[in-house]
Structure formats: structure tokens, C-alpha cells
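Here's a quick tour of the model on your screen. Keep the viewer open and click along as we go.

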Amino acid sequence: MAFIKTQLTETVAREDRRHLRACPDLIAALDDADASARRWAARDLLECKGAAAALVGRLKRESDLAVREVILTTLTRLGDATAVAGLIDCLRSEDAALRNEAIEAMQQMPDAVAPIMQVLLIDADPDVRIFAVNILESLCHPDVESWLIAVIDTEPHVNVCAAALDLLSEVGSGAMVAALVRLKGRFADEPYIQFAADLALGRNKED
């Protein structure tokens, strides 16, 4: 009997989904008590212009991991300014999981994220600046190295520089050498900066 009940529930869910195709209904379904209804709504809202704000709002209070995953996928596929702004706002959340999810989502949006990356890298909050460096780790964009070089040349916070330096040691080219030398001079009393910069310089010589 349980199997029949499950089939009936799935059939009803599919029927409900067919009847909730209008964008206002899909947005309303983001607050449905049933996680599967919220998940289908988040998926189908990809077809609705202006849905990003509702999706971001739901993301910030969604507890079901499967629903959060679909919301994030839809936001990355929408890729509009509202989606990007909402994900940036998530970087300021106290929820570490939400911050990490936002970082991973933004890494999949190089064209949408690139125009605001330089602003993120000079954000007033050093934690957000570190998160911005983390986004660059997997952001397929030709300016990643130049952005990181600008960070180690101008960033006053040692932890932000350390994060940028770690990534530069992996992706940097000869273009970073002068900036690394200047960084060593700025943080002459920071053992990790000295070590990581020397490591990056050594790897560059090997290449």
C-alpha cells in the first residue's frame, strides 16, 4: 500500500506543478510547506523574468538543502544583476554554508561577476575581500591574475594579501614578479608572506 500511496503523491505533485506555471503562482510556491513544491517552483522560475529577487529571498531562509541547490542553480542560470547582488549579500551572512554556496555559485558566473569583481576586492569588509579572492579561485576569466596583482599591491590587510598570494602562486605568471617583491617589502615582518612570496617566485623561475 505504501508504494501505491507514493505513486499517488508523485502524480498529484506533477499535476500541481502543471497548474502552477504562471510566474506569480511559482513565486508564491516558494513559500509552500512542501519542499518538493518549493523545489519545482525554484526550477521553473528560470522562465520568469524578474524572479531573482524572490529566489534570493527564499534562499536566505531555506533550510532544505535540495531546494537551496535548485535555487542556486536557477540564480546562476538567470545571471542577472539582481541575482548577482543577492549572492553578494549572501557573502555577508552569518551562515557559513550559505556564504560558501554563494561563492560556488558566483564562480560559475564569470561574465556576470566580472564587472563587479574590482568593487568586491575593495569592499569595506576584509572578510568579503577574502571571499572575493575565493571566488577568483575557480572563476574562468582572463583578468584573474591582474586582479590578484592589484590586491597584493594595494591591500592593507595581511590576511587578504595572504589569500591572494596563495592563489597567485598557482595561477600567476612573470607579470606578478615585481608585485611580489613589493609585497615582501610591505610585509617584511610577516613570516607567512615572506614564505609564500618566495615560494611563488620560485615556482615562476621553474616555469
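## T74 and its neighbours

T74 sits in helix α5; helices here (H or I, at least four residues) and strands (E, at least two) are DSSP runs, numbered from the N terminus. At 3% relative accessibility, T74 counts as buried, where buried means under 20% relative accessible area, exposed over 50% and partly exposed in between, with a 1.4 Å probe and protein chains only. Leaving out residues up to four places away in sequence, T74 touches A42, R43, L45, L46 and L55; a contact means heavy atoms within 4.5 Å.

A word on ground rules: this is a predicted model, so local features need pLDDT of at least 70 and side-chain atom pairs count only at pLDDT 80 or more, while totals for chains, interfaces and linings use all residues. Residues are numbered from 1 along each chain as its sequence is written, and side-chain values use heavy atoms, with hydrogens and water left out.

## The chain as a whole

How many helices and strands does the chain have? There are 13 helices and zero strands, so reading along the sequence just gives you α-α-α-α-α-α-α-α-α-α-α-α-α. Of the 207 residues in the chain, 42% are buried. Take the contacts between residues at least 6 apart in sequence, and 57% of them join residues at least 24 apart.

The chain exposes about 11200 Å², with carbon and sulfur atoms supplying 54% of it. Areas come from the Shrake-Rupley method with a 1.4 Å probe, and for residues only the protein chains shown count as cover.

## Helix α7

Helix α7 covers residues 96-107, twelve residues in total. From first C-alpha to last it reaches 17 Å, close to the 16 Å expected at 1.5 Å a residue; that expected span is 1.5 Å times one less than the number of residues. L98, R99, E101, A102, I103, A105, M106 and Q107 are buried in α7. What covers these buried residues includes α4 (52-59), α5 (65-78), α6 (81-90), α8 (110-120) and α9 (126-136).

At the N-terminal end, D95 acts as the cap for α7, with a side-chain oxygen 3.0 Å from the backbone nitrogen of A97. For polar contacts, the rule is a pair of N or O atoms within 3.5 Å; within protein, one must be able to donate a hydrogen and the other to accept it, and residues adjacent in sequence count only if both atoms are side-chain atoms.

## Salt bridges

Side chains of opposite charge can pair when their charged atoms come close. A search of the whole structure finds eleven salt bridges, each being a side-chain nitrogen of Lys or Arg within 4 Å of a carboxyl oxygen of Asp or Glu. One of them pairs K60 with D89, closest N and O atoms 2.3 Å apart. K60 lies in the loop between α4 and α5 and D89 in helix α6, so this pair ties together parts 29 residues apart in sequence. Both ends are partly exposed: K60 has a relative accessible area of 43% and D89 one of 35%.

The capping residue D95 turns up again here, in a salt bridge with R68 whose closest N and O atoms are 3.8 Å apart. Because D95 is in the loop between α6 and α7 and R68 is in helix α5, the pair ties together parts 27 residues apart in sequence. Buried or partly exposed, which is R68? R68 is buried at 7% relative accessible area, whereas D95 is partly exposed at 31%.

D153 and R182 make another bridge, with closest N and O atoms 2.7 Å apart. That pair links distant parts of the chain, from helix α10 (residues 144-154) to helix α12 (residues 177-186), 29 residues apart. D153 is partly exposed at 27% relative accessibility, and R182 is partly exposed at 43%. There's also a network of salt bridges linking D31, R38, R58, R61 and E62.

## S169 and the surface patch

S169 is found in helix α11 (residues 158-171) and counts as buried at 13% relative accessibility. The S169 side chain reaches the backbone oxygen of D166 at 2.6 Å. Not counting residues up to four places away in sequence, S169 touches A200 and R203.

Which residues form a nonpolar patch on the surface? Y192, F195 and L199 do, with about 310 Å² of accessible area together. Patches are made of residues with over 30% relative accessible area and no salt bridge; like charges are joined within 9 Å, and nonpolar side chains (Val, Leu, Ile, Met, Phe, Trp, Tyr) within 5 Å. F195 lies in helix α13 (residues 191-206) and is exposed, with a relative accessible area of 53%.
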